Amino acid sequence: MQIKRLFSTSDAKGTENYLNTQKKYEIIRTLLYFGIYDALFIEVSFQTKSLLNLLTVVAVLGCLPASKSAVSAIMFLRFKSCAPQHTEKIKEHSAGLAELFDCVFTSYKKNFKVSHLAVRGNTVCGFSEDEGFQENDFYTHINHILKMDGHKETTVKIFVSLPKYLERLEQMKGLEEEPSRTQAVIETLKSVML
């Protein structure tokens, strides 16, 4: 965890710049794991002059966590954090709303990158920088997740136009505050994010 703190003070899911921070952390962790594996394997081969022993098995089993870490690093390498110019504009309009940055939702068929989400009660609105964002597939996926977790009448809308999204953020401020419901929806969303 100490290495992770070197990159940013905000390293929790849904915080600003989460994807870029996590990407660095995953790469360093993967390199460290493979470095340990390589060092152990080389040491074993030099010490025993043979690869037919139990330490070789231990060294090879060391590949499992390193490989798992490599898969995680590859997943994070595919995505970027919300662009700084968009982040600044969003922050100007999202004051007072519960929000999540850098959301990547995975499903069996597709991954959905949502740069920012705002939640108030049973209303979830988001902005995606992906012009080809497949809204219908996302709505089907996320509504299923929300309903399974007991959020039956939640509305979800994702915008690809920043000005329209900023306008919607201002409108959301007029909705009734429901802190417990808002927090429950956020926890559900965070549980299915990368």
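**Close-up 1. The length of helix α2 in the predicted model agrees with what its residue count leads one to expect.** Helix α2 covers residues 18–48, and because each residue should add 1.5 Å, its 31 residues should span 45 Å; the C-alpha atoms at the two ends of the helix are in fact 45 Å apart in this predicted model,. Several side chains of α2 can be picked out as buried, with Tyr18, Leu19, Thr21, Gln22, Lys23, Tyr25 and Glu26 among them, and Thr30, Tyr37 and Val44 also belong to this buried set. An α-helix has 3.6 residues a turn, so residues three or four places apart point the same way.

**Close-up 2. Residues with positive phi are found on either side of helix α2, at Asn17 and at Lys49.** Asn17 lies in the loop between α1 (2–7) and α2, and its phi is near 70°, a positive value in a residue other than glycine. Asn17 counts as partly exposed, since its relative accessible area is 35%. Just after α2, the backbone of Lys49 likewise takes a positive phi, here of about 55°.

**Close-up 3. Asp102 combines a positive phi with a buried position.** The residue lies in strand β1, which is made up of residues 98–106. Its phi is near 50°, a positive value in a residue other than glycine. With a relative accessible area of 1%, Asp102 falls under the 20% limit and is therefore classed as buried.

**Close-up 4. Glu92 of helix α5 is exposed.** Helix α5 takes in residues 84–93, with Glu92 among them. The relative accessible area of Glu92 is 59%, which is over the 50% limit, and the residue is therefore classed as exposed. Although Glu92 and Glu170 are 78 residues apart along the chain, their C-alpha atoms are separated by 9.9 Å.

**Close-up 5. Cysteines are shown in a structure that holds zero disulfides.** The sulfur of Cys125 has its closest cysteine sulfur in Cys103, at 13 Å, and this is too far for a bond because a disulfide requires the pair of sulfur atoms to be within 2.5 Å. Cys125 is itself buried, with a relative accessible area of 2%. Cys63 also counts as buried, because its relative accessibility of 18% is under the 20% limit.

Conventions. Residues numbered from 1 in each chain as written. Predicted model: local features only at pLDDT ≥ 70, side-chain atom pairs only at ≥ 80, totals over all residues. Heavy atoms only, no water. Helix = DSSP H or I, 4+ residues; strand = E, 2+ residues; numbered from the N terminus. Expected span 1.5 Å × (residues − 1). Buried < 20%, exposed > 50% of the residue type's maximum accessible area, 1.4 Å probe, protein only.
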